[in-house]
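User: Could you take me on a close look at the place where the two chains meet, and then show me how that fits with the rest of the model? I'd like one connected walk-through that I can follow on screen.

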Amino acid sequence: MTSLSPALLFIIAGCLLPLIPASTRRYVALLVPVIGIALLLLTPHGSYGQVSIFGLELTTYRLDKLAFVWALIFHIAAFIGALYAFHLKDTVQQVAALLYQGAAIGAVLAGDMITLFVWWELTAIASVFLIWARRTERAYRVGMRYLMIQIGSGVILLTGVLMHLHDTGSIAFDNLGLTSVATLLIFISFGIKCAFPFLHNWLQDSYPEATVTGTVILSAFTTKLAVYALARGYAGTEILIWIGAAMTAFPIFFAVIENDLRRVLAYSLNNQLGFMVVGVGIGTEMALNGTAAHAFSHILYKALLFMAMGAVLYRVKTIKASELGGLYKSMPWTTFFCIIGSLSISAFPLFSGFISKSMILTAVAVEHHTVVWLILLMASAGVMDHSGIKIPFFAFFAHDSGKRCEEAPLNMLWAMGIAAFLCIAIGVYPDALYAIMPYPVDYAPYTTAHVITQLQLLMFSALAFTVLFLTGLYPPEIKSVNLDTDWLYRKAAVKIIAPVSTAVASTQAMLFTGLATLTQRSLSKIDQLVGPQAWLTRSVDSTGMVGLITATLLVFLMFYLW
Amino acid sequence: MIYQLPAIVLLLTLLAAPICSMIRNGDIAWKLAVIAAWLSVAASMALMHQVWGGNEISYHMGGWPPPWGIEVRIDELSALVLILVTLFGSLVITVLRESLRTAMRSHRHSLYYTTFLLCMASLIGITITGDAFNVFVFLEISSLSTYALIARGRDRRALTAAFRYLIMGTIGATFILIAIGFMYMVTGTLNMADLAVRLPEHADNRVVQASFAFFIVGIALKIAIFPLHYWLPNAYTYAPKATTAFLAATATKVSLYVMIRFIFDVYGVEFSFKQMHIDALLLPLSVAGIFIASLIAVFQSDVKRLLAWSSVAQLGYMSLGIAMVNVAGLTATVTHMFNHAMIKAGLFLCLAAMIYRLNSSHIKDLAGIGRSMPLTTGAFAVLGAGLVGIPLTAGFVSKWYLINAALENGWVILAVMLIISSLMAVAYIGKIIDVAYFKPAPAQHKDVKEVATSILIPCWIFALLTIYFGIDTRLTAGVAGRVAETLLGVGL
């Protein structure tokens, strides 16, 4: 009984949910993670659920120390998500959330790559409904793009796994290393879900478009599943260090200029993932511990921040920084919890981010990756700037927007409260978290040097923000929405290399219009070819068909008799 | 009794047909047809039980020993096809009464059941006979009854569609007859096992080679292998609703069975592949068929026609499996033959239920049907997932073997193309699912209600079977694997 996979519990509950009375559904959604945690704790580490399909031995349920960390935090996130969505009466979202959470847990507990692939695809399919559930035309299109990319990732994974099977005859999901085309494909598939640079756009594109509760749930699972997969398969792969460093650095600029606060958080999510990816790339025991710990605390404070912003969106109906401000009078509790989240993500001592991020930084320093260490340090300052200060400041303080609303619903406050409590608890008593790490932890976060360095960093970046803001140099809350990659060509580079940048921009524009026209033309061409009225599709009359058959026969006879 | 089973499985439906035609009361005729059909399912299951593990049954009709008398031969492959025909046919005939109620005046019903049973009986006959000429005779019976079935469609265009199918089917059958005639000319025998023994010594004979060409073109026409598929979309589109489900499941699959039987058993692997290079012809045609038909399906606006084009594409997968000439490929063909029959029959049946309420199969009219007919649309979605080949559905199993077969031959590009073609299936099925669940229902369909339970149950049986065979593959891939080894002569 104890070897029942919690993932199956989620899936079964999700499938049965529409059948039970509407009023009890939300209680079930709340109860399932609790039972799941109980199952998880009662199960001794080991492999279960061996199945043989097509002559392959699958291990559908493998619980070891690494998997346990992720499975546990996924359960906690599922519980908080369910509590946050407690007021909701949308069956589609409730079912999708359960299936999505179950799939993510299943993937973490997968002992082989075929099982991993099955859950991998299910996370993609189930999660898109959390975006579509917003039921706007825009959300629909965003969801379609999201689904394409996620399914694409799964397809690449399957191709890689099949090739790996042919190369080595094994589907075991253990350390793979970048050794062949097959493992490269698997690596790319993980990278898409992990939002590697240039593969990251789906994240900022889709998360801000999901429902209030959907974003909270989405932010916890997909990317962290990818980090787990990388930690399992590619620990110690050197290139990950550089990929991760790039991931921590580049989103800062976008986060600073972005107006949609949930999109700011999406960029900062990308930046936080970078820290974990660096940890995986280093691959030492301490680095992997740091990655696991950071994933754990990150899920909590990121969910907390998304919940706070979700509550604002829920009450004020907008999340544009330019239209917000002064909300602390109406939503004191939300403000309070949001600040705790901000302190955690900025890694203030006594908050959860501090005890996990410093572990990764120390692991980097121990391995003497000085450049990477400096990038990470700069990125930490950036985090403080855009997530630590910008989010609460523009939403709740800054200039008073004059908007007055009610405090967030009680269930949302409770959900935020629990997350905030855990953030502080981990920060104050890190040993509890260190006890469940994959490797024995020999690390003390609260040394004088650590604390002083971190405080200096934070204070100076706060100072920088204050100075910039007071002198009006800080990018103001701009009403425009479409600040994207092209901003770099158009604004920043203009002053330095104006002519080149204009040329680039216009070429790019020409290219894009050209491509758009081309696509339009070829689409209509295809429609002419194969659409309902086209010649390929049109019913051929009997004479034509007989002619075709005779021709085919002649071809065959000639092929054989000459 | 057990010994006579091979004859009984055929006679049940063959004898029930004329009796049905004599009963004027449609209800009684339907009951008789249903009983006969389901008894034949039981008989097929019993036969499968007897041949399980690789046994063969040889039954001599009238006690005349072959090669003079007519022999009935049943191995695992024919037993699997038998189950396919009888089980899916019986499921369709069970809903036929409800479906005919609005479509036809009641005194005609019994004649319709007669035609249906005849069609089923002839397909069973093709599957079990060990005599080449019998194959032709039963093919003709099945064709004639199919024309009648299609022509009963309410749309006037059904008549043209049936007529075109008649012309095509007759030419196909004639080609097959010519092929059999050539073989008889050279060897002097019609028994398939006997032919298999005698043909190799005439392998260089031009007549035998010509017979092979005639046979391949004739049977490819019947299977609707690209580019000989032009009769299929119209025939499926204009046939009466539930009948399409039966035709899509059985007719083309049985023709495919005949093709496998002749290529591998009668002409032999050596002759078909080493000397005649049938794989070199089938491979490009299959790939072209998969892509062109999938692309056309994506752009269709009538769901029935969309599914029909998807059938052409899926048949491409099956012929592709043969063209791979390895065990995994042939396994994929046989597995997909069964799985696709089940999935497509289920999809057409669900669609029939929707048309029953909406009186249209245009994609626009399906808007919002996910809310007004949740159970039917749910089954449709599950079956659609099966067609795409999502893991844990039957469709995944066959595609898995197909991709494996491509990799086994070292054709990585082909494997990638197969994956891309699956994405095209996502596109055309996704189009329907999207409209059904996410678009508001048009005003005239606001008060559409769920169909009767008697139609819903078979729909969901198909849907649940799709999931079941995605998990337990002993009957499908298990049998197919053994069959493939025997046919290719690997396991011997």
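Analyst: Happy to; we will start where the chains touch, and then move to the core, a helix pair and a few backbone details.

Please keep in mind that this is a predicted model. On the contact between the chains, 30 residues of chain A meet 33 residues of chain B. Four helices of chain A, namely α5 (113-132), α6 (137-168), α20 (498-530) and α21 (542-561), each supply at least two residues of the side that touches chain B. Of these, α21(A) has the largest share, with 12 residues. By class, that side of chain A holds 21 nonpolar residues, seven polar and two charged.

A good residue to zoom in on is A:T159, which you will find in helix α6 of chain A. Leaving out residues up to four places away in sequence, A:T159 touches A:L185 in its own chain and B:I419 in the other. Is A:T159 buried or exposed? A:T159 is buried, because 21 other C-beta atoms lie within 10 Å and the cut-off for buried is 20 or more. If you want a distance to check on screen, the C-alpha atoms of A:T159 and A:I186 are 8.1 Å apart, although 27 residues separate the two along the chain.

Now for the nonpolar core. The largest one has 390 residues, and A:L304, A:M307 and B:L349 touch the most other members. Helix α14 (residues 327-358) of chain B gives the most to this core, with 22 residues. Around B:L349, apart from neighbours within four places in sequence, the contacts are B:V92, B:V95, B:A242, B:A245, B:P458, B:C459 and B:F462.

Stepping back to chain A as a whole, you can count 21 helices and two strands. Buried residues make up 52% of its 562 residues. Of the contacts in chain A between residues at least 6 apart in sequence, 80% join residues at least 24 apart.

One helix pair in this chain is easy to follow. The axes of α1 (residues 6-16) and α2 (residues 22-42) of chain A come within 9 Å and cross at roughly 160°. That angle is over 145 degrees, so α1(A) and α2(A) are roughly antiparallel to each other. Their crossing is right-handed. From α1(A), A:P6, A:L9, A:F10 and A:A13 meet A:V28, A:V32, A:I35, A:G36, A:L39 and A:L40 of α2(A). This contact has nine nonpolar residues, one polar and no charged ones.

Over in chain B, helix α9 (residues 231-238) is mostly covered, with eight of its eight residues buried. Among them are B:W231, B:P233, B:N234 and B:Y238. In the loop between α8 (206-223) and α9 of chain B sits B:P227, and the peptide bond from B:F226 to B:P227 is cis, with omega near 0°.

Two loop residues of chain A round off the tour. A:R135, in the loop between α5 and α6, has a positive phi of about 60° although it is not a glycine. A:R135 is exposed, with 11 other C-beta atoms within 10 Å. A:K317, in the loop between α12 (285-316) and α13 (332-345), likewise has a positive phi, near 70°, in a residue other than glycine. With 10 C-beta neighbours inside 10 Å, A:K317 counts as exposed.

Note on methods: Residues numbered from 1 in each chain as written. Chains lettered and ligands numbered in written order. Predicted model: local features only at pLDDT ≥ 70, side-chain atom pairs only at ≥ 80, totals over all residues. Core = buried A, V, L, I, M, F, W, Y, C linked by C-beta atoms within 7 Å. Buried ≥ 20, exposed ≤ 12 C-beta atoms within 10 Å, placed from the backbone. Contact = placed C-beta atoms within 7 Å. Nonpolar A, V, L, I, M, F, W, Y, C, P; charged D, E, K, R; others polar. Axes fitted to C-alpha atoms, helices over the stretch in contact; angles between N-to-C directions. Parallel < 35°, antiparallel > 145°, perpendicular 65-115°, else oblique. Left-handed = near helix turned anticlockwise from the far one by under 90°.
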